[in-house]
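Let's take a walk through this one together. Have the structure open and follow along as we go.

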Amino acid sequence: HTASSQSDYSPVMTSLHRSFDRIAASLMVANVRNSLTVLDHSIDSFSDLISNVVSMTSEIVTRNKGTVDLFLGDRVYANFGASRQQRGHPASCLNAAKDIIRKAGSVLEPYQKITNGREVSMNIGMGSGKLVC
């Protein structure tokens with residue numbers, strides 16, 4: 001059996017390429033750094049941490065005209081402009097990220113005492129541009 005060359009797939013790829021829409025949007029992923037050190041303390045503390053982070057990020061994303069797509073472990077995935085067209089989606093995404101970082105200190109502060117010196121904090125990644133959907 002021989003491997004097919006890439007050109008054998010070009011009509012399929014061209015057809016697929018034409019069937020997708022491109023939209024302008026911004027995406028954000030926020031996660032809790034060192035959250036597992038809270039889990040080492042107790043499952044109840046970890047559950048409480050995740051619940052508080054989900055509540056905080058959901059409220060902030062929604063207030064900034066974003067849509068929360070997924071909660072996965074200690075991560076929150078959100079979009080700005082992908083679920084519905086939105087002018088100014090990069091600014092909305094950035095404002096939400098800033099708000100999350102500002103609020104994170106007070107939300108995460110109660111867990112700092114139980115993590116054996118490992119700081120519990122938020123990391124946020126963002127991207128903006130054309131999405132293929």
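What pLDDT does the chain average, and what share of the residues score at least 70? This is a predicted model, so that's a fair place to begin. The chain averages a pLDDT of 84, and 82% of the residues score at least 70. The confidence isn't spread evenly over the elements: helix H1 (residues 10-19) has the lowest mean pLDDT, at 53, while H3 has the highest, at 95.

Now find helix H4, which runs over residues 89-108. H4 has 20 residues and reaches 27 Å from its first C-alpha to its last, close to the 28 Å expected at 1.5 Å a residue. Even so, H4 has a kink of about 30 degrees, centred on Arg102. Keep that arginine in mind, as Arg102 comes up again below.

Which residues of H4 are buried? They are His89, Ser92, Cys93, Ala96, Ala97, Asp99, Ile100, Ala104, Val107 and Leu108. The cover over these residues includes strand S1 (22-33), helix H3 (43-63), strand S3 (75-80) and strand S4 (121-132).

That brings us to the nonpolar interior. In soluble globular proteins, nonpolar side chains tend to be buried together. Here the largest nonpolar core has 23 residues, and those with the most contacts inside it are Met28, Val32, Leu49, Phe80, Leu108 and Met122. S1, H3, S3 and H4 each supply at least two residues of this core. Leu108, one of the buried residues of H4, makes a handy anchor for looking around. Setting aside residues up to four places away in sequence, Leu108 touches Val32, Leu49, Val53, Val120, Ser121 and Met122. Among these, Val32, Leu49 and Met122 are also on the list of residues with the most contacts inside the core.

Next, the charged pairs. Side chains of opposite charge can pair when their charged atoms come close. How many salt bridges does a search of the whole structure find? The search finds four. In one of them, the side chains of Arg63 and Asp99 meet at 3.2 Å, N to O. Arg63 lies in helix H3 and Asp99 in helix H4, so this pair ties together parts that are 36 residues apart in sequence. The two partners sit in unlike surroundings: Asp99 counts as buried at 15% relative accessibility, whereas Arg63 counts as partly exposed at 49%.

Asp99 also forms a salt bridge with Arg102, the closest N and O atoms being 2.7 Å apart. Asp99 and Arg102 both lie in H4, three residues apart, which is about one turn of the helix. So here's our arginine again: the kink of H4 is centred on Arg102, and at 59% relative accessibility Arg102 counts as exposed. Step back a little and you'll see Glu59, Arg63, Asp99 and Arg102 linked in a network of salt bridges.

Another salt bridge joins Glu109 and Lys113, with the closest N and O atoms 3.7 Å apart. Glu109 is partly exposed, with a relative accessible area of 40%, and Lys113 is exposed, at 67%.

Now look at Thr37, which lies in helix H2 (residues 35-41). Is Thr37 buried or exposed? Thr37 has a relative accessible area of 11%, and under 20% counts as buried, so Thr37 is buried. What does Thr37 touch, not counting residues up to four places away in sequence? The answer is Ile114, Thr115, Arg118 and Val120. Val120 also turned up among the contacts of Leu108. Thr37 and Tyr111 are 74 residues apart in sequence, yet their C-alpha atoms are 9.3 Å apart in space.

Finally, a bit of backbone. Most residues other than glycine have a negative phi, and most peptide bonds are trans. Where is Lys65, with its positive phi near 65 degrees? Lys65 sits in the loop between H3 and strand S2 (67-72), and Lys65 is exposed, with a relative accessible area of 54%. Asn116 has a positive phi too, of about 55 degrees, although Asn116 is not a glycine. Asn116 lies in the loop between H4 and S4 and is exposed, at 77% relative accessible area.

Note on methods
Residues numbered from 1 in each chain as written. Predicted model: local features only at pLDDT ≥ 70, side-chain atom pairs only at ≥ 80, totals over all residues. Heavy atoms only, no water. Helix = DSSP H or I, 4+ residues; strand = E, 2+ residues; numbered from the N terminus. Expected span 1.5 Å × (residues − 1). Bend = angle between axes of the 7 residues up to and from the residue. Buried < 20%, exposed > 50% of the residue type's maximum accessible area, 1.4 Å probe, protein only. Contact = heavy atoms within 4.5 Å. Core = buried A, V, L, I, M, F, W, Y, C linked by side-chain atoms within 4.5 Å. pLDDT = per-residue confidence, 0-100.
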